[in-house]
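Please find below my comments on the model, set out as numbered points for discussion. They move from the metal site to the fold as a whole.

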Amino acid sequence: MPVREIVLLGDPILRESAREVEAFDEELKVLVRDMFETMVAAEGAGLAAPQVGVPLRVFVADVRDEDGEGIRRFALVNPRIVSAADEEDRAAEGCLSIPGVSEVVSRPSAVVVEAFDPEGRPVRVEAEGILARVLQHELDHLDGVLFIDRISALKRRMVLKKYRKLREKEEG
Ligand code: NI
């Protein structure tokens with residue numbers, strides 16, 4: 001299965017609201033397989049379909065539990081948050097579409113997400129810690145929201161300045 005190209009900040013697809021998946025067909029399964037390969041190759045903890053140029057409400061996640069008890073690796077289709085904790089956690093986040101930079105983001109410490117698996121079966125995920133963070137970050141991607149939207153304007157300017165410098169260096 002091919003690794004797909006990850007689109008970077010500046011591509012308008014990252015700012016669009018993605019469409020609901022209507023058919024749990026072979027095309028969806030191929031997309032999910034490719035997204036897993038792409039995420040693993042990029043060493044990411046999550047990847048949303050818009051990040052590979054596909055405007056559908058699908059993401060994959062690959063999260064190690066905080067106690068080191070194994071890895072939760074799954075794909076969610078048409079996910080929605082059905083409840084979120086009042087308490088917030090602060091932790092550093094990065095994004096495969098904004099490589100090389102990270103910043104501390106505050107988010108609800110726990111969420112319950114309802115979705116479908118790629119076969120169309122309903123799933124419910126009760127998440128806290130890193131998993132809750134990854135789920136919220138990836139869900140944001142489906143609404144055109146990036147982690148840099150959830151930090152102060154001052155921090156955003158600093159992150160974007162650093163990011164532009166890194167890209168200039170890379171592009172020589
Ligand atoms: Ni991201």
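**Notes on the predicted model**

1. At a relative accessibility of 7%, H137 counts as buried, where buried is under 20% relative accessible area, exposed is over 50% and partly exposed is in between (1.4 Å probe, protein chains only). The structure is a predicted model, in which local features need pLDDT of at least 70 and side-chain atom pairs count only at pLDDT 80 or more, while totals for chains, interfaces and linings use all residues. Residues are numbered from 1 along each chain as its sequence is written, and side-chain values use heavy atoms, with hydrogens and water left out.

2. Which residues hold the nickel ion as protein donors? They are C95 through SG, and H137 and H141 through NE2, at 2.1 to 2.3 Å from the ion. Donors are N, O and S atoms within 2.8 Å of the metal (3.2 Å for Na, K and Ca), and the site may look incomplete because water is not among the atoms. Along the chain, the donor spacing reads C-x41-H-x3-H. C95 and H137 link distant parts of the chain, 42 residues apart: C95 belongs to the loop between β4 (88-93) and β5 (103-108), whereas H137 belongs to helix α2 (residues 129-142). Like H137, which is buried, C95 counts as buried, with 9% relative accessibility.

3. Where does Q51 lie? It is found in the loop between β1 (46-48) and β2 (58-64), and its relative accessibility of 1% places Q51 among the buried residues. Beyond its neighbours within four places in sequence, Q51 is in contact (heavy atoms within 4.5 Å) with E5, I6, V7, L14, C95, L96, S97, E138 and H141. Two of these partners, C95 and H141, are also donors of the nickel ion.

4. E27 is part of helix α1 (residues 26-42). Is E27 buried or exposed? Its relative accessible area is 65%, so E27 is exposed. From I6, which is one of the contacts of Q51, E27 is 21 residues away in sequence and 19 Å away in space, C-alpha to C-alpha.

5. Strands β6 (residues 110-116) and β7 (residues 122-128) pair in the antiparallel sense over seven bridges; pairing requires that DSSP finds at least two bridges between two strands. A110 has E128 in β7 as its bridge partner. Five residues stand between the two strands of this hairpin, where G120 takes a positive phi near 95°.

6. Most residues other than glycine have a negative phi. Two exceptions deserve a look. E43, in the loop between α1 and β1, has a positive phi near 60° and counts as exposed at 74% relative accessibility. N78, in strand β3 (residues 71-84), has a positive phi near 50° but counts as buried at 9% relative accessibility.

7. In soluble globular proteins, nonpolar side chains tend to be buried together. The largest nonpolar core here has 18 residues, and F59, L76, A127, L131 and L135 have the most contacts inside it. Such a core is a set of buried Ala, Val, Leu, Ile, Met, Phe, Trp, Tyr and Cys residues joined through side-chain atoms within 4.5 Å. Two or more residues come from each of β2, β3, β6, β7 and α2, with α2 giving the largest share, six residues. A second, separate core has 16 residues, including L28, L31, V52 and V77. Within the 18-residue core, L76 deserves mention: leaving out residues up to four places away in sequence, L76 touches R57, V58, F59, V113, A115, F116, V123, V125 and L135.

8. Overall, the secondary structure comprises three helices and seven strands, taken as DSSP runs numbered from the N terminus (helices H or I, at least four residues; strands E, at least two). The order from the N terminus is α-β-β-β-β-β-β-β-α-α. The radius of gyration is 16 Å, close to the 16 Å that the globule rule gives for 172 residues, so the protein is as compact as a globular protein of that length. That radius is taken over C-alpha atoms, and the rule is 2.2 Å times the number of residues to the power 0.38. The C-alpha trace spans about 45 × 40 × 30 Å along its principal axes.

9. Of the 172 residues, 44% count as buried. Among contacts with a separation of 6 or more, 65% join residues 24 or more positions apart.
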